[in-house]
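Visitor: Could you take me on a close look at one part of this model? I would like to start with a single loop and then see how other loops compare as places to look.

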Amino acid sequence: MNIQVEGSEEYGNEVYVELFERILIDLGLTNRVEGAKLLIYPEKHLFIVTVRMRQARTSVKVNEVADVSDREGNAFLVIRNESYAPALLALLWKQFGRERIEQLSRLEILAHGVTTERVEGLQISPGEELRKEVLDAIWRLLPEGFKVRHNLFDENVMTIVSTEHTMDDEFLQMGEKAHEQMVKGMGLDEGTEVVDDEEEGEGDV
Amino acid sequence: MYEVLMFDGGVYRVNELYELVEDIGGFVIQKTQIQVMITVTIAIPAEDRPVIEAKTRELGGKLIEVPLAGTEIAVVGPTLGRHHMPHPICDIAEHLRKYGAITVVMGLARGKGRQTAQISADEKAFIEEYDAAVFVLGNFADCILKDKVRLFEKIEVPVAVVCGPEISELPSCEALVCGVGRKVERMRRAEEIAKLEETARAVQRVVQERKEEIDEDPLFVHPAEVKQRIENLELVQQSLRPAPIVLHLDGLRVKVPYEQVKDQLCAIDIYGRKLCEITTIAPSRLGGSTMVHILTKAQVASRDLRSLGERAAKTTLDLDQPERKAEVKLP
């Protein structure tokens, strides 16, 4: 995983890289995040996080993770791969409503009034779950007072622009630029990098 | 000046220590007995420390420095959110407890953000009930210097600030510790523990300065002496809260509601005076507690003079009145 940071305060930049690494470790996401970039400008009240996720597990059909059989006109599912259980349950609730889905035991589900054909064809997408987890990590990282947020989503890249006051066009442009660069995967192979604007400025003089 | 120490040893002949402490004019603040072992927190006159050290050696125990014993300290964060708690605020509070302080962790209602960060008058008043406050701030110097500094302006108790970036000077605070900042994990690495130690030392320095300030105009009685009298009250003994009486540098907090306990507190006799004559007793803003602030010797003397003056004036008035009556009665 590669985390880049750009900002006006050296100490803050270094600490936030460490903080984000710790948060990802806590949430068990280190292997699922390919890279991230933080743009931190406290004097402008601006904090941008852009994260590129690794490819989530590909979509699977319900009959690949569970045995589906007919029980008196109802679909009866026995989950084989437990890691898909929460996503499967959520999908069934969404498709047929909670009142028709009965969880008999940890790995057994009965779908009342649903044919096996309708259940077998459904697709489970674990990517959604990953996005939720990464979003949680970003929310933990963002300064608490920066409540005005703008989100940019792509298939594998997620960018949050946050500020304390009005969302300026300049901030949005910075966010979009960072998002595009992350989509293209620019700079992700260079290793963790801390860029301090003040030091750069001194160098220019 | 009183020095607070902790005796750690066995219960065998520990009564001799209590007697010695009493003989030299000291007080036993707290006793914690676990089977045959006991820890006793004592406040003794600083000049008599060698006597206590000798007795401790004789009893086979050891004396531990608890420089923050007898203080209640508030550790304040911008909010109670997970961005600030439990680390590092709770780590700092826990470390201060090792030095004998009673610590309270607080989060402000609207302390988050930069320009939106604020502290209410009520929150300031809560903080001022404690002996000192430790404000734990974040990682950006610009934010701390321009905005967060408002949070601890005009607080009347000593303030120590803990923050991330290296800042040479910060207004409105008595101590500054840099290099902590925001954390998402427990402070357990060697350099982090060193920072906790530095924070504890900064708080000790602040508390010591406050003690020296109090000694310039000493209190009428030591808070530990008042505690000894108060702990015999039935209401206090019935209190189920972990430490029903908490010592402060200039008074104490009694964890019984003011309305219930005020009359009993007032009636307590100390050196022939009522407690309310030598203290101010008021309800705590946190509710369910009563604050007792001990007056200084000078304040008590001034009160005495005033009441003496009032009495003298009343006597003169009484002497004048019969004469006037007599005049009226004359034909």
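Guide: Pro86(B) sits in the loop of chain B that runs between strand E5 (72-77) and helix H3 (89-98). Please keep in mind that this is a predicted model. The bond leading into this proline deserves your attention: Met85(B) and Pro86(B) are joined by a cis peptide bond, with omega at about 0 degrees. Stay in the loop between E5 and H3 of chain B, and you will also find Pro88(B) there. Here too the peptide bond is cis, this time from His87(B) to Pro88(B), and omega is near 0 degrees.

While you have chain B in view, move along to Ser172(B), in the loop between strand E8 (159-163) and strand E9 (175-178). The backbone is again the thing to inspect: Ser172(B) is not a glycine, yet its phi is positive, about 65 degrees. As for its surroundings, Ser172(B) has 14 other C-beta atoms within 10 Å and is therefore partly exposed.

Chain A offers a residue to set beside that serine. His45(A) lies in the loop between strand E2 (33-41) and strand E3 (46-53) of chain A. Its phi is near 60 degrees, which is a positive value in a residue other than glycine. The setting of His45(A) is a buried one, because 24 C-beta neighbours fall inside 10 Å, and 20 or more are enough for that label.

Now turn to a glycine. Gly113(A) belongs to the loop that links strand E8 (108-111) and helix H4 (116-120) of chain A. Gly113(A) has 9 other C-beta atoms within 10 Å, so this residue is exposed; the label applies at 12 or fewer. Exposed as Gly113(A) is, it still has contacts from farther along the chain: leaving aside residues up to four places away in sequence, Gly113(A) touches Asn74(A) and Arg100(A). You can also look from Gly113(A) towards Ile101(A), twelve residues away in sequence, where the C-alpha to C-alpha separation is 9.5 Å.

To finish, step back and view the two chains together. On the chain B side, 21 residues are in contact with 15 residues of chain A. Sorted by class, the chain B residues that touch chain A comprise nine polar, six nonpolar and six charged ones.

Terms used:
Residues are numbered from 1 along each chain as its sequence is written. Chains are lettered from A and ligands numbered from 1 in the order in which they are written. This is a predicted model: local features need pLDDT of at least 70, side-chain atom pairs count only at pLDDT 80 or more; totals for chains, interfaces and linings use all residues. Two residues are in contact if their C-beta atoms, placed from the backbone, lie within 7 Å. Ala, Val, Leu, Ile, Met, Phe, Trp, Tyr, Cys and Pro count as nonpolar, Asp, Glu, Lys and Arg as charged, and the others, Gly among them, as polar. Helices (H or I, at least four residues) and strands (E, at least two) are DSSP runs, numbered from the N terminus.
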